[in-house]
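Student: Let's go through this entry together, one question at a time. Please show me the sequence and the fold to begin with.

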Amino acid sequence: MKLSHRLIVITSVLLSVFFIICVIENVLKNTDLTEGEDAVHGRQHFIFQRRFLNREETSKISAEASNNAMNVIPLPPKNTNKKNTTVKTTTVSTTKEPRDEFPDLFKYSTLSPNFRQYMEWPPYFRLPKYNPSLADVLKVKIRDNMTNWEKFHLQISKYYLYPEKSKVVEGLLHDLATKKIIGVEQLPGGTQIKLILTMEDGAKALFKPMRFPREVETLPNHFYFTDFERHVSEIASFHLDKLLGYRRTPPCVGRKVNISEEFYPLVEPDLHKTFFISPAGNVCFHGQCTYYCDTSHAICGDPHMLEGSLSIWLPPRNILERKPIRSPWRRSYNKRRKASWETDNYYCINQVKVNPPYDHGRRIYDLMDLVIFDYLTGNMDRHHYDEVFTFGNDSALIHLDHGRGFGRTNYDEDTIILPLLQCCVIRLSTFNRLYSFHIGPKRLSDLMRETMDNDPIKPVLIEPHLKALDRRVGKILGVIRLCLNANSPDLVFLDDM
C-alpha cells in the first residue's frame, strides 16, 4: 500500500474516533445527574450538596443566600473594528430582594402560644435540675472578701461557666483591664505567640496581641490553618457566646499595655532576647513558637503601646478536670484533601449519631450549638472541644480558642454549618434566640454593638462584621427550614425551654 493511501486510512480512523467521543460526551451531559445513590435519597440532598459542598468560585460571594442579591459587574463589550456596530449592554439589577422573615417558622417559636403542639412530650431527653458548681464539689463557701477571679472559678457549674447577668463577671472584666501586671510568661506550644499575664490580685489571663488593624481581612488565597489570630475575635466571641445564652466561653476583655514598662521588665530571659526596636522606632518582640515567631512576624507597639485581648485563665486541670476531645467534624488541615464529612451528606447519621457519646444525652446538641457559634464568627479552625469531667456525665462543653474568627466580612464559609444540616437537630432555646435575632426588635448586630460598647478598646468589630452576623443568622434559619421540610418538628427540635 502506498504511503498516500496509508495516510488517508489513518486520517479516516482518527476522524471516526473523534466523532464517537463527541457523541458519548454529549450523551453524558444530558444524563440525569440524580441517578445512583442520590436518586434513592431524593434530589433535594443532591442540590444542597452541590450548593454547599461543590460550589464554584463564582458562588463564593456572601450574597449567595436567597435573601441577599448578588452584585454583578457587567463585562465591558468587546472592541470591534466594524463601523456602525450597535453595542448592546445588559443592565444588571442591584435591587435587593425583600428580606425573608421566615413566617413559616413562627409557629415553632415561643412567640406562638401553641408552639409545643409540634413537640414530642415529654421530651425523650431532659437535663437534671441539679446544677452543681465548683464550690459545691470542693465544699468551699464563696465569701465577700474573695477576689473576683476566685469567685468566678467557684461559680463555674456543670452547665455553664457563669450565671446569667453575673455581677462577678462584670467586676472580673474590669479587673483584667485595670489591675497591675506582675508577671509575664510565654505560653508554650502553638503556632503563634501568646502570653500568660499574672495580675496583682493573683488572677491569670491569656493575652493575645494585636497583629494588624481591624479593617485588615483574611486574604482569599490563605488557608484557614495559616491565618493569623485576631485579638478582637476573642473579645467578640465572648460577647456572642453570652448573647446566644451558652455562657461557655471564658470572659474576655480588651486592654492596652505599655510594652516597655509593663512587659519588658517582667519577661523571662528567652523572651527578653527577642525584643528589638524596629526601623520605624517601635518596640517589638516575637517570642518563640512553631511558625510565626521571627523578626518578620514580630509584635510591635505604637511606639510602646500595644492592644490585646485578655481571657481569664480557668482553674488548674486537677481542680476543673477536663481534656480536649477531637471534633468529629474536624477538617483535614491539608491543602488538597477534604475531610470525609465535607463530601458525605449522611456522615452524621451513619458515622456520628450511632456512636457514643453522640447517640444519647446532650453532646450532639452541644456540638450543634458550637457549629452555629463558629458559623456566626466564621471560625473554620475547630479541631477540638473541651469536655469537663469534674461534674460527671452530661456536662456542658467549654468553648475555647476563637482567634481565627471574624476574618472576612463579605464571605460566609457555608461548610461550617453543614453539620447542622447533616444532623438536623437543634435545641429549641437556640432556635428561638436565632429567630428573635432575625425578626427583632433588635437584631444580633445591634445587640453585639451594645454589649461591646463598654470594652476599653472599642469598637471591637467594624460595622461590616456586625452586618455579616445578621446575614449569617438568616442562613442558619434557612438550614433549619430545610430540616423541617425533610423531618417532623419533634425530630428536629429538642424542647429544653
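Student: Where is the place of Pro303?
Tutor: This is a predicted model, in which local features need pLDDT of at least 70 and side-chain atom pairs count only at pLDDT 80 or more, while totals for chains, interfaces and linings use all residues. Residues are numbered from 1 along each chain as its sequence is written, and side-chain values use heavy atoms, with hydrogens and water left out. Helices (H or I, at least four residues) and strands (E, at least two) are DSSP runs numbered from the N terminus. With those labels, Pro303 sits in the loop between strand 7 and strand 8.

Student: What is omega for the peptide bond from Asp302 to Pro303?
Tutor: The bond from Asp302 to Pro303 is cis. Its omega is near -15°.

Student: And where is the place of Pro441?
Tutor: A cis peptide bond also joins Gly440 and Pro441, with omega about 15°. Pro441 belongs to the loop between helix 13 (428–439) and helix 14 (444–451).

Student: Back to strand 7: which are the edge strands of its sheet?
Tutor: The sheet is open and has three strands in the order 5-6-7, with antiparallel pairing; two strands pair if DSSP finds at least two bridges between them. An edge strand here pairs on one side only, which picks out strand 5 (276–277) and strand 7 (299–300).

Student: Which residue of strand 6 does Phe276 stand opposite?
Tutor: Strand 5 and strand 6 (residues 283–285) run antiparallel and are joined by two bridges. Across from Phe276 in strand 6 is Cys284.

Student: How far apart in sequence are the parts that Cys284 and Cys300 tie together?
Tutor: A disulfide is a pair of cysteine sulfur atoms within 2.5 Å, and those of Cys284 and Cys300 are 2.1 Å apart. Cys284 lies in strand 6 and Cys300 in strand 7, so the separation in sequence is 16 residues.

Student: Is Cys300 buried or partly exposed?
Tutor: Buried means under 20% relative accessible area, exposed over 50%, and partly exposed in between (1.4 Å probe, protein chains only). Its partner Cys284 has 0% and is buried. Cys300 has 33%, which makes it partly exposed.

Student: How many disulfides does the count come to?
Tutor: Besides Cys284 and Cys300, the sulfur atoms of Cys348 and Cys423 lie 1.9 Å apart. Those of Cys424 and Cys483 are 2.1 Å apart. The count comes to three.

Student: Is the link of Cys424 and Cys483 right-handed or left-handed?
Tutor: For comparison, Cys348 and Cys423 have 110° about the S-S bond, a right-handed link. With -80°, the link of Cys424 and Cys483 is left-handed.

Student: Why is strand 2 largely enclosed by the rest of the structure?
Tutor: Leu195, Leu197 and Met199 point one way from strand 2, while Ile196 and Thr198 point the other way. Strand 2 (residues 195–199) is largely enclosed because five of its five residues are buried.

Student: Which residue stands opposite Thr198 in strand 3?
Tutor: Strand 2 has antiparallel pairing with strand 1 (residues 181–186) over five bridges, and Val184 stands opposite Leu197 there. Strand 3 (residues 204–209) is joined to strand 2 by four bridges, also running antiparallel. Opposite Thr198 in strand 3 is Lys204.

Student: Which residue takes a positive phi in the hairpin of strand 2 and strand 3?
Tutor: This hairpin has four residues between the strands. The one with a phi near 95° is Gly202.

Student: Which residue caps the N-terminal end of helix 6?
Tutor: Helix 6 (residues 167–178) has buried residues including Val168, Leu172 and Leu176, and strand 2 and strand 3 are among the elements that cover its buried residues through contact (heavy atoms within 4.5 Å). At its N-terminal end, a side-chain oxygen lies 3.3 Å from the backbone nitrogen of Val168, and that oxygen belongs to Ser166.

Student: What is the relative accessible area of Phe102?
Tutor: Phe102 has a positive phi of about 50° although it is not a glycine. It lies in the loop between helix 3 (43–52) and helix 4 (134–138). Phe102 is buried, and its relative accessible area is 3%.

Methods. A polar contact is a pair of N or O atoms within 3.5 Å; within protein, one must be able to donate a hydrogen and the other to accept it, and residues adjacent in sequence count only if both atoms are side-chain atoms.
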